[in-house]
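Let's take a walk through this protein, from its central strands out to its loops and its ligand. Have the sequence and the model side by side as you read.

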Amino acid sequence: MKEVKTNRSNAVVQKRVEPKISLDDFPTPPWATRSVCEWLEQKGIDIANMKVREPAANRGHMVKPLSEYFREVEGSDIHDYGYGFPVRNFVTEEDFSEVDFTITNPPFILAKDFVEKALRTSKIGVAVIVRLAFIEGKDRYNNLFKEKPPSYLLQYVERVGMCKGTIKKDVSTATAYCWLVWLKDDDSGECKINWIEPCRERLERDDDYPPETVSPEISNYGNLFEEL
Ligand SMILES: C[S@@+](CC[C@H](N)C(=O)[O-])C[C@H]1O[C@@H](n2cnc3c(N)ncnc32)[C@H](O)[C@@H]1O
C-alpha cells in the first residue's frame, strides 16, 4: 500500500495499489458490514432467513457481523489465514452451490470476476464493497456495468478506513468506499444512489478490533494470483 499525506489534511490517501500477485489483504471493519445488512433489512429483504456467502473471508471480519443478521454464513478464502475457513478459489472453482446472497470485499483486480461468479451463484442478490473508483473504467463499463448495472450504489457519508493485514479503529483515510448491490428481482436496468447515513458510532464495537497486529509473513504473503 502506498501512503501519501495530502497537503491540506492529515488524512492518508491509501492507494490500494497492490502487485498483481497480491492477495489484496485489506479487511473490512465490521461496522461497514453491519451498515449494509441494516440497509438490506430496511429494504424489506428478509435476510434473517437467508444464507449468505463470504467467498473472500480472510480473518472473518465480515463473516462475524454477517452472522449477526443472516440465518447462515458460509465463508472461504483462497488463502488460509488461520481462522478455519476452507481454502477455495472463488473465481476458478466451479462447484460453489447456490446461496441466497453473496456479500464480500473482493480483491480489487478480481472484483469483476467475483461479481460475475456471485451473480451466477446467488438467488436474491450480491453486495460488494469497493473503492468508489471501481465504477470508473472503460473495461468494467463495457464488460460489466453496461449489461449488468448494480441496482444500487450505496455511498458512505463517513469514511471507511481499511489497512493492510488487520482492522484498526483509528485509520484515517482519504479513500472513498461504496457498496454496489445487485438485486435479482430488480429489472429496471438503472442504478439508484442511496447514501449510508452516519452510523459508525452506533454500529462499531470495541471488541471488533484485535489487540494484536498481523504477522508480517501473513500480510506480505502472496503468490496465488500467478495461477489465475
Ligand atoms: C480485500 S480482502 C477482503 C477480506 C474480507 N472479505 C474482509 O473484507 O474482511 C480480499 C480477500 O480476497 C482473498 N482472495 C483473493 N483472491 C481470491 C480468490 N480467487 N478466491 C477467494 N479469495 C480470494 C484474499 O485472500 C483476501 O482475504
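A residue counts as buried here if 20 or more other C-beta atoms lie within 10 Å of its own, with C-beta atoms placed from the backbone. Keep in mind that this is a predicted model.

With that cut-off in hand, start at helix α3, residues 111–121, where Ala 111, Phe 114, Val 115, Lys 117 and Ala 118 are buried. An α-helix has 3.6 residues a turn, so residues three or four places apart point the same way. The cover over the buried residues of α3 includes β5, β6 (122–131) and α4 (138–145). Notice that a lysine, Lys 117, is among the buried residues of this helix.

**The strands around β5**

Now look at β5 (99–104). Six of its six residues are buried, so β5 is largely enclosed by the rest of the structure. What does β5 pair with? Strand β3 (residues 51–54) pairs with β5 in the parallel sense, over two bridges. β6 also pairs with β5 in the parallel sense, over five bridges.

Thr 102 is a handy landmark here. Arg 53 stands opposite Thr 102 in β5, and Thr 102 in turn stands opposite Val 126 in β6. The chain gets from β5 to β6 by way of α3, and this β-α-β crossover is right-handed.

As a whole, the protein has six helices and nine strands. Buried residues make up 36% of its 228 residues. Among contacts with a separation of 6 or more, 67% join residues 24 or more positions apart.

**The core**

In soluble globular proteins, nonpolar side chains tend to be buried together. In this model, the largest nonpolar core has 44 residues, and Val 52, Leu 66, Val 128 and Trp 179 touch the most other members. At least two core residues each come from α1 (30–42), α2 (63–69), β5, α3, β6, β7 (152–156) and β8 (177–183). Which element gives the most to this core? That's β8, with six residues.

Val 52 is worth a closer look. Setting aside neighbours within four places in sequence, Val 52 is in contact with Leu 66, Phe 70, Val 73, Val 99, Asp 100, Phe 101, Thr 102 and Ile 103.

**Loops, buried and exposed**

The loop between β4 (72–75) and β5 holds Glu 94, and Ile 78 is found in the loop between β4 and β5 too. Is Ile 78 buried or exposed? Ile 78 has 22 other C-beta atoms within 10 Å, so it is buried. Glu 94 is exposed, because it has 6 other C-beta atoms within 10 Å.

Over in the loop between β8 and β9 (192–196) sits Ser 188. Ser 188 is exposed, with 9 other C-beta atoms within 10 Å.

Each of these three loop residues has a partner elsewhere along the chain, set out here with the C-alpha to C-alpha distances.

| Loop residue | Partner | Apart in sequence | C-alpha to C-alpha |
|---|---|---|---|
| Glu 94 | Lys 117 | 23 residues | 9.3 Å |
| Ile 78 | Arg 88 | 10 residues | 4.8 Å |
| Ser 188 | Ser 151 | 37 residues | 7.9 Å |

The partner of Glu 94, Lys 117, brings us back to α3, where Lys 117 is one of the buried residues.

**Two positive phi angles and the ligand**

Most residues other than glycine have a negative phi, and most peptide bonds are trans. Asp 24 has a positive phi of about 55° although it is not a glycine. Asp 24 lies in the loop between β2 (12–15) and α1. Its surroundings hold 19 other C-beta atoms within 10 Å, so Asp 24 is partly exposed.

Asn 58 also has a positive phi, near 55°, and is likewise a residue other than glycine. You'll find Asn 58 in the loop between β3 and α2. Asn 58 is buried, because 25 other C-beta atoms lie within 10 Å.

Asn 58 leads straight to the ligand. How many residues surround the ligand? There are 21, and the closest are Pro 27, Thr 28, Ala 56, Asn 58 and Asn 105. By type, the shell divides into 11 nonpolar, seven polar and three charged residues.

Notes. Residues numbered from 1 in each chain as written. Predicted model: local features only at pLDDT ≥ 70, side-chain atom pairs only at ≥ 80, totals over all residues. Near = placed C-beta within 6 Å. Nonpolar A, V, L, I, M, F, W, Y, C, P; charged D, E, K, R; others polar. Helix = DSSP H or I, 4+ residues; strand = E, 2+ residues; numbered from the N terminus. Buried ≥ 20, exposed ≤ 12 C-beta atoms within 10 Å, placed from the backbone. Contact = placed C-beta atoms within 7 Å. Pairing = 2+ DSSP bridges. Right-handed = clockwise from strand over helix to strand, strands pointing away. Core = buried A, V, L, I, M, F, W, Y, C linked by C-beta atoms within 7 Å.
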